[in-house]
Amino acid sequence: MRVTPTDLQGYGELLDRNAEYFDRIESFSHETASDTSGFTGVMAALIPAVEGVTALYAETLKLARSRLKQVREELDRTAEEYTERERQIERLLTRIESELDTMRV
């Protein structure tokens, strides 16, 4: 398997996009899915349950978003490490090539 820094950065962008979806879902759950404004009579007794489930759902989404962001940061660090290693290898090979050239003369 071959992985490049560009690949890792691309995966990170996908994670960012997915994290944004969690934000949208959470927003929807607060604004629409948990709307209890029409609950009357016996249904009014369910308002605390709906609010509790919405809060639990929101916390779960925040945790998932946080984990995606954490993986994104780790991918970015790994991409930086790969890039630095490639630079080090390039410098080493250039030095070896230079030394070999002086031996030929």
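1. A salt bridge, as the term is used in this note, is a side-chain nitrogen of Lys or Arg within 4 Å of a carboxyl oxygen of Asp or Glu. With that in hand, welcome to the structure, which is a predicted model. Searching the whole of it turns up eight salt bridges, and a few of them make a good way in.

2. Start with D76 and R72. These two residues form a salt bridge, and their closest N and O atoms lie 3.2 Å apart. Both belong to helix α2, which covers residues 47–104; because they sit four residues apart there, about one helical turn separates them. In an α-helix there are 3.6 residues a turn, so residues three or four places apart point the same way. The two partners differ in how much of them is open to the outside: D76 has 23% relative accessibility, so it counts as partly exposed, while R72 has 16% and therefore counts as buried.

3. Further along, look at E84. Its side chain meets that of R87 in a salt bridge, at 3.0 Å from N to O. Here the spacing is three residues within helix α2, which again means a separation of about one helical turn. E84 is partly exposed, because its relative accessibility is 28%. R87 is partly exposed as well, at 43%. E84 also forms a salt bridge with R91, with 3.4 Å between the closest N and O atoms. Elsewhere, salt bridges with shared partners link D16, K69, R72 and D76 into one network, so the R72 and D76 pair from the point above belongs to a wider set.

4. Now turn to helix α1, residues 5–33. How far apart are its end C-alpha atoms? They are 40 Å apart; at 1.5 Å a residue, its 29 residues should span 42 Å, so the two values agree. Several residues of α1 are buried, namely P5, L8, G12, L15, A19, E26 and S29. Helix α2 is among what covers them.

5. Which residues make up the largest nonpolar core? There are six: L8, L15, A19, L68, L75 and A79. Helices α1 and α2 are the elements that give two or more residues to this core. A19 is a handy residue to inspect here: beyond its neighbours within four places in sequence, A19 is in contact with R65, L68 and K69. Of these contacts, L68 is a fellow member of the core, whereas K69 appears in the salt-bridge network.

6. Finally, take a look at the loop between α1 and α2, where T36 is found. Is T36 buried or exposed? T36 counts as buried, because its relative accessibility is 14%. When its neighbours within four places in sequence are set aside, T36 is in contact with I47 and V50. T36 and I47 are 11 residues apart along the chain, and 6.3 Å separates their C-alpha atoms.

Technical notes. Residues numbered from 1 in each chain as written. Predicted model: local features only at pLDDT ≥ 70, side-chain atom pairs only at ≥ 80, totals over all residues. Heavy atoms only, no water. Buried < 20%, exposed > 50% of the residue type's maximum accessible area, 1.4 Å probe, protein only. Expected span 1.5 Å × (residues − 1). Contact = heavy atoms within 4.5 Å. Core = buried A, V, L, I, M, F, W, Y, C linked by side-chain atoms within 4.5 Å.
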